[in-house]
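Student: Could you take one part of this fold and walk me through it slowly? I'd like the helix-and-sheet region, with the residues that matter for reading it.

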Amino acid sequence: AAARLRDLEAGTGMGRVRGDGVVVRLADAPGDADVVTGAGAGPPRVLYSDLQGVANALWSAGAEAISINGQRLTATSTIRSAGEAILVDFRPVTGPYEVSAIGPGSMKRRFEKSRNADLMREVAEKTGLSFGVREADDLTLPAAPEPQLRYAEPPGSPSVSPSGDRSARPGSTDSGTSPSPPGGGR
């Protein structure tokens with residue numbers, strides 16, 4: 001039972017995992033574009049969509065667990081931007097970005113053949129971004145934070161106002177009109 005629990009924790013991201021895998025490193029381009037060759041033209045920064053694409057391509061290549069700068073990804077993880085910041089599960093990450101993945105020995109080869117890896121190589125060539133892929137032995141990926149489960153609760157029971165007026169009660173037809181739904185009635 002304990003071994004099954006460890007397997008489930010690892011698979012859902014709720015447990016720390018160790019193993020061999022791949023590290024994909026992305027970094028913003030140096031400050032200035034070369035005016036003669038045009039190298040560095042275009043967005044010289046790593047975008048959240050770059051990290052999304054790399055993570056998705058690693059999952060497709062067989063990754064069993066992935067983290068970005070130490071933030072473990074799960075089935076409900078988000079990779080978004082907020083202004084200039086990149087957020088992984090609403091936590092900011094800064095460059096250089098390391099996307100670490102644990103998986104089978106063929107993962108690096110499969111990732112490098114992916115459409116996303118081709119795109120990132122092209123973007124790196126045109127903009128000066130840094131993009132590299134390396135195999136890594138004995139990676140340790142942390143557990144994801146425990147999810148904050150949210151659920152709906154029914155509204156409290158209606159109450160009588162201090163003046164004894166019950167017309168504010170949901171479902172009351174004292175005024176001859178039906179009540180508005182909560183939240184503005186859109």
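Tutor: Let's settle one term before we start: a residue is buried here if its relative accessible area is under 20%, exposed if over 50%, and partly exposed in between. Keep in mind that this is a predicted model. The average pLDDT is 80, and 71% of the residues score at least 70. One stretch to leave alone is residues 171-186, where the pLDDT is below 50 and the model has 7 contacts beyond near neighbours in sequence. Where pLDDT is low, the predicted coordinates should not be read in detail.

Now for the helix. Helix α2 covers residues 48-60. Its 13 residues, at 1.5 Å a residue, should span 18 Å, and the end C-alpha atoms are indeed 18 Å apart, so the expected and modelled spans agree. Going along α2, the buried residues are Asp50, Leu51, Gly53, Val54, Ala55, Ala57 and Leu58. Asp50 is in that list along with Leu51 and Leu58, so don't skip over it when you look at the buried set. Just after the helix, Gly62 has a positive phi of about 110 degrees.

What does α2 lie across? It lies across β1, β2 and β7, and it runs at about 145 degrees to β1. Those strands belong to an open sheet of 5 strands, in the order β3-β2-β7-β1-β8, with antiparallel pairing. β3 and β8 (130-141) are the edge strands, each pairing on one side only.

Let's go strand by strand, starting with β2, which takes in residues 65-68. Ala65 and Ser67 point one way from β2, while Ile66 and Ile68 point the other way, and all of them are buried. With β7 (residues 97-102), β2 pairs in the antiparallel sense over 4 bridges. In that pairing, Ser67 has Ser100 of β7 as its bridge partner.

Ser100 is a handy landmark, since it turns up again in the pairing with β1. Strand β1 (residues 17-27) and β7 are antiparallel too, over 6 bridges, and there Val23 has Ser100 as its bridge partner in β7. So if you put Ser100 on screen, look for Ser67 and Val23 as its partners.

Then there's the β3 end. β2 and β3 (residues 71-72) pair in the antiparallel sense over 2 bridges, with Ile68 opposite Gln71. The hairpin they make has 2 residues between the strands, and Asn69 takes a positive phi near 50 degrees there.

For a contrast with the buried set, try the salt bridges, 6 by count. In helix α4 (residues 115-127), Asp118 and Arg121 sit 3 residues apart, about one turn of the helix, and their closest N and O atoms are 2.5 Å apart. Asp118 is partly exposed at 42%, and Arg121 is partly exposed at 34%. Also in α4, Lys126 and Glu122 are 4 residues apart, again about one turn, with a closest N to O distance of 3.1 Å. Lys126 counts as exposed at 52%, whereas Glu122 is partly exposed at 41%. One more pair is in helix α3 (residues 107-112), where Glu112 and Lys108 are about one helical turn apart and meet at 3.4 Å, N to O. Glu112 is partly exposed at 28%.

Definitions and conventions: Residues are numbered from 1 along each chain as its sequence is written. This is a predicted model: local features need pLDDT of at least 70, side-chain atom pairs count only at pLDDT 80 or more; totals for chains, interfaces and linings use all residues. Side-chain values use heavy atoms; hydrogens and water are left out. pLDDT is the predictor's confidence in each residue, from 0 to 100. Contact means heavy atoms within 4.5 Å. Buried means under 20% relative accessible area, exposed over 50%, partly exposed in between (1.4 Å probe, protein chains only). Two strands pair if DSSP finds at least two bridges between them. A salt bridge is a side-chain nitrogen of Lys or Arg within 4 Å of a carboxyl oxygen of Asp or Glu. The expected span of a helix is 1.5 Å times one less than its number of residues. Axes are lines fitted to C-alpha atoms, for helices over the stretch in contact, and angles run from 0 to 180 degrees between N-to-C directions.
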